[in-house]
Amino acid sequence: MRIDGGADIELSSLSLGGLVGSGGQGQVLELTGTDVLCKRYRDPAGLNGEALAVLAEFRQRLAPVEREFLDSIAAWPLSRVTDRGRGVGFLMRRAPGVFSWRTPQETSKLLELQYLIRPSKVGYRTIPQPTPPERRALALSCARVVDWFHRRGMVVGDISHANVLWSLQPEPRVFFLDCDGFRPVDGATVLPATDTPDWSDPLTPPSQHDFDSDAYKTALAVTRIIARNPYLLPGDGLDPVPASLDRYQEAAVRRLFSDAAGARRTRPVLGEWIHALSDHGREAQQTPLFPEETGDTRPLYLDLDQRTEEPEQTTPGDQDPAEPEPPVTAPPPAREVRDRKPINLRVSGR
């Protein structure tokens, strides 16, 4: 039985092991003797099984090098799990160990974005914090991953502190969880779409997640990483971590962050964030992290829906941005801390 071939797999044929985590949607269990997990939904009656099959098919339709890359950036559905022909869950690979950390009590937890964007706490002291340049690199990686999906016609949907992981090994990079919340740009979601508190787009309801709402939430992720502020919103004062941005990057990020508060279809696209955060003096000499990465920021679709037109997007200019304005020193109003409780996919015993 090939578990990553995209074909449906009967639940009765799986050798399920211990419970890894549970949440409102379902349970996650180990597949005995593998690095694969099975997410089994609590209420299969509310599941769009066809949408789940589409996600598994998306992976199979990628070229081998891109399929390998997808597996390095996301816990993507490998195969749909069925029970007498009805979809009840899916298989996915466990997040690599570099996206976990060990608590002072020697338990393993996922290295969620929340540990990157919140001020340091005593309980986080065992988490190696990034240098200022690494912080910028993590923000850039987040923008690049969302852009990679957009170029393939895939809407991310719920981007938050709980479903994006990060690591500094072997280089700063991110990894997405909860990928059953993704959908093709003209397709349906597996379950009714939701937003995480403090990460919602005020102009787009969850049922209408699209590239524009993804761009807004990516703007939140990028600036919250750069400023180490979990509640930063467009219109608030942006205070980057010292030395995380040079003066040109800071000017560009400030401009884009301000523009992110605009009306739908006027917000900065992912290519603009990538351009603003890139170090064009050094990174141009490095091997691109993404297989198709070029100066072209237009979305690329891999014939997923045989579309003939591309969404019209703005390509950033090549000129240097203006000098940055002095940072606003007044802190944003205090907000109550509200944590989303996702399924915990931590590695048992590691």
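Buried, in these exercises, means under 20% relative accessible area, exposed means over 50%, and partly exposed is in between (1.4 Å probe, protein chains only). The model is predicted, so local features need pLDDT of at least 70 and side-chain atom pairs count only at pLDDT 80 or more, while totals for chains, interfaces and linings use all residues. Residues are numbered from 1 along each chain as its sequence is written, and side-chain values use heavy atoms, with hydrogens and water left out.

**Exercise 1. Describe the ring pair Phe 69 and Trp 148, and say where each residue lies.**

Start with the rule: rings of Phe, Tyr and Trp (its six-membered ring) pair if their centres lie within 6.5 Å; planes under 30 degrees apart count as stacked, over 60 as edge-to-face and the rest as tilted. A search of the whole structure turns up 11 aromatic pairs. In this one the centres are 5.5 Å apart and the planes stand at 55°, so Phe 69 and Trp 148 make a tilted pair. Next, place them: Phe 69 is in helix 2 (residues 64-73) and Trp 148 in helix 4 (residues 132-150), 79 residues apart. Helices here are DSSP runs (H or I, at least four residues), as are strands (E, at least two), numbered from the N terminus. Finally, check burial: Phe 69 and Trp 148 are both buried.

**Exercise 2. Find what Phe 149 touches beyond its neighbours within four places in sequence.**

Contact means heavy atoms within 4.5 Å. With those neighbours set aside, Phe 149 contacts Leu 70, Ile 73, Ala 74, Trp 76, Met 154, Val 156 and Phe 182. Ring pairs also put Phe 149 in a cluster whose members include Trp 76, Trp 148 and Phe 182.

**Exercise 3. Work through the salt bridge between Arg 59 and Asp 71: which side chain is buried, and which is partly exposed?**

First, the cut-off: a side-chain nitrogen of Lys or Arg within 4 Å of a carboxyl oxygen of Asp or Glu. Arg 59 and Asp 71 come in at 2.8 Å, N to O. Arg 59 sits in helix 1 (residues 49-61) and Asp 71 in helix 2, so the bridge ties together parts 12 residues apart in sequence. Now burial: Arg 59 counts as buried at 3% relative accessibility, whereas Asp 71, at 23%, is partly exposed.

**Exercise 4. Do the same for Asp 195 and Lys 217.**

The closest N and O atoms of this salt bridge are 2.5 Å apart. Asp 195 is in the loop between strand 12 (183-184) and helix 5 (211-227), and Lys 217 is in helix 5, 22 residues apart. Both Asp 195 and Lys 217 are buried.
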